[in-house]
Every structure is written in structure tokens, then in C-alpha cells.
Amino acid sequence: MNRTARLALGLALLPAGPGPQASPCCAGSTTPGFEHLALWETLAGGARVGVDHGLGAWGADGRWRSHEDYAETLVRGELWTVARPAEPWQLGVRVPYLHTWRRAGDVDDDGGGLGDVAASVRLDAFPGGEGPAGLGVALVLGVVAPTGQETETASGALAADVTGEGHWVPALGCVLMRPWDTLFLRAQTNVGVPLTRRVGGHDSRRGVDVQSALVGGWSPLVPTTLSLSLGHRWQAESVRDGRAVSDSGRGALNVALSVAQDLPEPLDSLALQAAFTAPLPVDGAGRGTLAGLGGTIGVRVGWP
């Protein structure tokens, strides 16, 4: 089995991770993958489906290597909802589904199922652009539940049925957003701390997981929002029985181009979404992670 196939067996899948209308105060609320409520909304929800096709992987040394005699395709679906029980709070839930096809040499494997469900509580300390220097500021407390199938219980030859990371992961994040008329810029980061669990008679946990994104958006027309985002994930080495596991850390650097289109009346509560993602396949941009091209389409609906 080649190096890439061995890496695939050793990794749990990345979560399908960690939410403009016409007004600057609502900037970015329809941006795919960064769901939150516009100021006029009390509830929003949506669904999306996407396909990722592997290109290569960053090894533990950070070197990028294209796939050789290995192929991987992932189909992912997700349902999500965000509600505002009271100002300035927002509650969110994401439910992912994953199915993976893998081939290494003459070996084929596929499988899938429910992924790791995530929930969050968001506090808009300064909604819209009401904070210092015109910033919007929000704090987000989240948790990922290990509802997917973890690596050690995989039944297939290439662990294609792995759909989760196996840990409860509480996390704390911060979102900064600055709108300018038809433009907005958003920076956000999220720090997750996987909890220890018992695996094969050993205490095991993944390392601290830091995920960040910088998103720039533009609404050239009132119903259309274009955005470009740069996302980075860094995860420290796993720990087993109190000792760090060598070369078990992960990292990835990806870019995404997306569009959201608000529909006209009487469907003006709906927005169609599409996104295209790709890794930056250069040495040092990641480590210990498979990566590839991805495409996603979705629909979002909001209610006042």
C-alpha cells in the first residue's frame, strides 16, 4: 500500500467543519459555510450537497504529494438551522452526512453515514457594524458530538466508512466583520479542544484544533453576493497515555470562491448558494491531510 493510502487509513475525515443581504448590517449572512442570521431574521435554515475529489496530500513533513495509484471521492450533504431565541443570541445546529469512495491499487472501498453533529451558541456583542471602528463582533461557543463512525471501528479495507473524529470537541470562537456599503470583510477563528476518550485500553485524544478564515465579499447587484475566502486549519499532535504521538498533527490551507443569489418575490426569503474550493498544493501549507477540489450547491431560507 502506498504512502497516500496509508495516510488515508490513519486520518479521520475533516468535518463537513466549523454563517449579504442588500444592507451592510446584514453583510455575509448568506455566504455559504458561514451561516448566521441577518438582523431582520429570527430563524434560518438550509441544505447543501457537495462533492470533493482528492488531488493529493500533505505528508507529516509538510511536503505536498499528488496522488499516485490512489483515488478518493467524497459526497457530503448537510442540514443546518440557526434561531434567535432573544437578542443578542443565536443558536445553531449542523447535521452532516458523508459517503466516501476510495481506491488504492487493486483495492476498492466505499462507505458512509451520519457525520459528527455540531451545535453552537453565538453572542452578537456588536451586531452589524455597530462596534469600535465600525466592526461587528460576535463570540461563538460550540461543541462537536462524536455521532459519526470513528477510525478504529472502520470495517472496510481503506476505512471509507469513517465519518467522524471520535471525540467530543468543545470550542470557542470569535468573529469580526466590517461592512462598507456593498463590500464586507470578515475574520474568524475557532479553537477546539478534543476531550480524552478510551481507545483500545489507552487514553487518547486529538490535539488542540485551530480553524481560521478570512472572507471578503462584494454585492455588485442587490440580490447577488460574491465572496472569496482563505481557510486554514492547524491541529497539534495527538496524545496517547499522556505522550504526544509523533507526526500525528494536521494542517491544511484552502481557498474558496462562492456566490449567493437572493430570489425575487414571492420567493425573496430564499437564497441559492454555490461554492468551489481548492487546496493550495505547496510544501508547508499543510501536513498530514488529504486534500482536493470541491464543489457545493445549497439553498437557504430565512424568516422574520
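Trp80 is in contact (heavy atoms within 4.5 Å) with Glu35, Ala44, Gly45, Gly46, Ala47, Arg48, Val93, Arg94 and Arg300, leaving aside its neighbours within four places in sequence. This tryptophan is found in strand S3 (residues 70-83); helices (H or I, at least four residues) and strands (E, at least two) are DSSP runs, numbered from the N terminus. With a relative accessible area of 5%, Trp80 is buried. Here buried means under 20% relative accessible area, exposed over 50%, and partly exposed in between (1.4 Å probe, protein chains only). Trp80 and Pro96 are 16 residues apart in sequence, and their C-alpha atoms are 8.5 Å apart in space.

A word on the source: this is a predicted model, in which local features need pLDDT of at least 70 and side-chain atom pairs count only at pLDDT 80 or more, while totals for chains, interfaces and linings use all residues. Residues are numbered from 1 along each chain as its sequence is written, and side-chain values use heavy atoms, with hydrogens and water left out.

**Salt bridges**

One of the contacts of Trp80 is Arg300, and Arg300 also has a charged partner. Its side chain meets that of Glu41 in a salt bridge, 2.8 Å from N to O. The two come from distant parts of the chain, 259 residues apart: Arg300 is in strand S18, and Glu41 is in the loop between helix H1 (3-10) and strand S1 (43-58). Both Arg300 and Glu41 are buried.

A salt bridge here is a side-chain nitrogen of Lys or Arg within 4 Å of a carboxyl oxygen of Asp or Glu, and the count by this rule comes to 17. Three of the pairs are set out below.

| Pair | N to O distance |
|---|---|
| Arg300 and Glu41 | 2.8 Å |
| Arg102 and Glu72 | 2.7 Å |
| Arg198 and Asp203 | 2.9 Å |

Strand S3 returns in the second pair: Glu72 lies in S3 and Arg102 in strand S4 (residues 89-104), so the salt bridge ties together parts that are 30 residues apart in sequence. Arg102 is buried at 3% relative accessible area, and Glu72 is buried at 12%. In the third pair, Arg198 is exposed at 55%, whereas Asp203 is partly exposed at 36%. There is also a network of salt bridges, which links Glu165, Arg206, Asp209, Arg233 and Arg250.

**From strand S12 to strand S18**

Two strands pair if DSSP finds at least two bridges between them. S12 and S13 form a hairpin with two residues between them, and they pair in the antiparallel sense over 11 bridges. Within this pairing, Gly217 has Ser227 as its bridge partner in S13. S13 is also joined to strand S16 (residues 250-262) by 12 bridges, again antiparallel. S16 in turn runs antiparallel to strand S17 (residues 270-279), with nine bridges, and S17 runs antiparallel to strand S18 (residues 289-303), with eight. In S18, Ile297 is the bridge partner of Ala274.

Phe276 lies in S17 and stands opposite Leu257. Phe276 is partly exposed, with a relative accessible area of 45%. Leaving aside its neighbours within four places in sequence, Phe276 is in contact with Val255, Ala256, Leu257, Leu293 and Gly294. From Ala256, Phe276 is 20 residues away in sequence and 5.5 Å away in space, C-alpha to C-alpha.

**Nonpolar surface and cores**

Trp180, Leu183, Leu185, Leu214, Trp218, Leu226, Leu230 and Val259 make a nonpolar surface patch of about 680 Å². The elements giving two or more residues to this patch are strand S9 (183-192), strand S12 (209-221) and strand S13 (224-235). Patches are made of residues with over 30% relative accessible area and no salt bridge, with like charges joined within 9 Å and nonpolar side chains (Val, Leu, Ile, Met, Phe, Trp, Tyr) within 5 Å; accessible areas come from the Shrake-Rupley method with a 1.4 Å probe, and for residues only the protein chains shown count as cover. Leu226, in S13, is partly exposed at 33% relative accessibility and stands opposite Val259 in S16.

The largest nonpolar core has six residues: Trp58, Trp64, Ala252, Leu253, Ala285 and Ala291. Such a core is a set of buried Ala, Val, Leu, Ile, Met, Phe, Trp, Tyr and Cys residues joined through side-chain atoms within 4.5 Å. A second, separate core of five residues includes Ala57, Ala104, Leu158 and Leu290.
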